[in-house]
Each structure stands twice: as structure tokens, then as C-alpha cells.
Amino acid sequence: MGAARHVACYQRWIAGQEAGLGELEAASANAAAGRATDGELRVVVERCMRGYAEYVATRRTLAREDGTALFAPPWCTSFENSVLWLGGCRPSLTIRLLYSLSGEGLEEHIEEFISGRGALGAARGMGLLGITARQLELVNDLHRRTLRDEDALNYRLATLQEDVADRPLLPIVRERATAAAAAAALGAGASCDGLGTRTRIVVARPAGAVDHEVDAAIGSYKAGLGRLLEEADELRMSTARTLVTEILTPRQAVETLVAGKQLHLAVRNWSRRGEMVAQPARSPVTLPVAPSSNRANP
């Protein structure tokens, strides 16, 4: 049942992504035609972020039950899994998407800004989204903070993974190997050395006690991964929320969210089609789809 709940959560999210993309594209078209106010666009953006928060809350519950299932989920394609960072997209990817969406015009001004040749107080927009110099300064600060937080999580993940080669698992592995050698010696009969002295056989602890330690160690590792995934999800959400609700204008936020959802859904569809061609016999993980939410997630 645990796997079913994971898959159902993912399917609801994809349904929300598709529904949300339609709503955001309609809002973008209305804004371009002058038929949508900033207030109306802001409502669409907030609805998108509420849906994302609900998705993160559901994942938090699932991560506490089995966080490892979300690191390389079988309901995603191998290509999708290859670009995951701690169970999802890298938080700084949202900011990189903004740079890419704004185009070369923004990149030119970034060089001026970094070199100190740009006018920080300029109100004129830069790039295809019309990013102002003040917005660029805020985005740059957010980018640096996000990269710092990503590095901290990367370090903790590396430490957790390296702990597998330390206590308590390694001593248990070694003890199991010694116990297996002792059992083999007992099966062959007690051996004697050249002086007729019997070789000392090492008696290992009962297997049940060792299995309990193994289960506890693996459980602790899985719990650690779950906590990291929770923090990574929070960083993903906080980065996206800060960008689209505190830095960008409502119209800029809508365009950024549209691009993000288009990219996510396109990569998902392309990679699935590619894997179906390469492995026609492979059956994707499918379960009955729960009623979808109209709320979307970045």
C-alpha cells in the first residue's frame, strides 16, 4: 500500500501540473491582450503556490514513512531520475530558468551588473521579461543563498552515504563473515593443529540479534534520507515562492511558471516516449488515478 500511495501522490501532482499549465497559459494570453489585471494574475500565481505547498505536505508524510522511495522513484523514467536532486528538481534550477527565459538581453546586463558598469537604480526593464536592475540584484542574492543551502544539503547527504562504511553496518558485516567461516569449519568437523590442539571457533551472536541491529541501522539511514528530502522540498518551495511572489511582478511570475511547467511536462513525455521505443516490453507503473486537483505546482 505504501507504493500505491507514492504513485497516487505523483499522479495527482502531474494532473495538477497539466491543469495548472492550462490556467497559467490562459492568464498569460489575457495579460498579453490587456484583459487581466495584476490582481487577477496574482490570484493565479497564489493558487499555483498553494497547490505546491499541498504537494510538499503530502511528500513530507510519505518521506517519513519511506524517504528512499522518493530518491529514484520507479514511476519516473530513468532519464527523469538522472536529473533529480534529493528527490526533486534542484532549487537553483528555478532561477536558472528565469535567466534562460529572459534571453540574451538579460545576460548582457548581468555582465554589466557584476562588473559594476550597470546602473543599479535604473528602472528600465532588461531582457525579454523586462527584469529591472533592482530585481536582478534580488535574484542574484537569492541565487547565492540557494546555492549555499544546496551545498549544505549536499555535504550532509555525502556524510550520510559515507556512514554506510562505518558503524554499525561494517562491524556487523565483518561479524557475519567470521560467523560464516566458523560455521563452515564446524561443518567440516573440528580441526586440530600439528600439536593436537583444537582450533578455537568464534561463536557469533544469534542471527536474530544481528538482524535487529541491521534493521535499526538501515532504518536510521532511511530516516536520515527522509529528513534531507523534507528540507530539500522546503528549499525548493521557498526558493520558488520568494522568486514569484516577492521579486517578480505578477506577469513575470506567470511567464516563469508557464515555462517551468512546460519544461517539466515536456521532459517527462519525451523521456517516456524514448524509453517505450527502447524497451517496448517494459510496463510503466500505473495505478488508478485519484481525483485530480486543479491546483498546480511549479
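Here are some questions and answers about helix α2, Y55 and the largest pocket of this predicted model.

Residues are numbered from 1 along each chain as its sequence is written, and side-chain values use heavy atoms, with hydrogens and water left out. Local features need pLDDT of at least 70 and side-chain atom pairs pLDDT 80 or more, while totals for chains, interfaces and linings use all residues.

Me: Which helix holds Y55?
Reply: Helices are DSSP runs (H or I, at least four residues), numbered from the N terminus. Y55 falls within residues 38-66, and that run is α2.

Me: Is Y55 buried or exposed?
Reply: Buried means under 20% relative accessible area and exposed over 50%, with partly exposed in between (1.4 Å probe, protein chains only). Y55 has 12%, so Y55 is buried.

Me: How far apart are the end C-alpha atoms of α2?
Reply: The expected span is 1.5 Å times one less than the number of residues. For the 29 residues of α2 that should give 42 Å. The prediction agrees, with the ends separated by 41 Å.

Me: What separation do the C-alpha atoms of Y55 and C9 have?
Reply: Along the chain, these two are 46 residues apart. In space, their C-alpha atoms are separated by 7.7 Å.

Me: Which class, nonpolar, polar or charged, has 23 residues in the lining of the largest pocket?
Reply: Ala, Val, Leu, Ile, Met, Phe, Trp, Tyr, Cys and Pro count as nonpolar, Asp, Glu, Lys and Arg as charged, and the others, Gly among them, as polar. The lining has 9 polar and 8 charged residues. The class with 23 is nonpolar.

Conventions. Helices (H or I, at least four residues) and strands (E, at least two) are DSSP runs, numbered from the N terminus.
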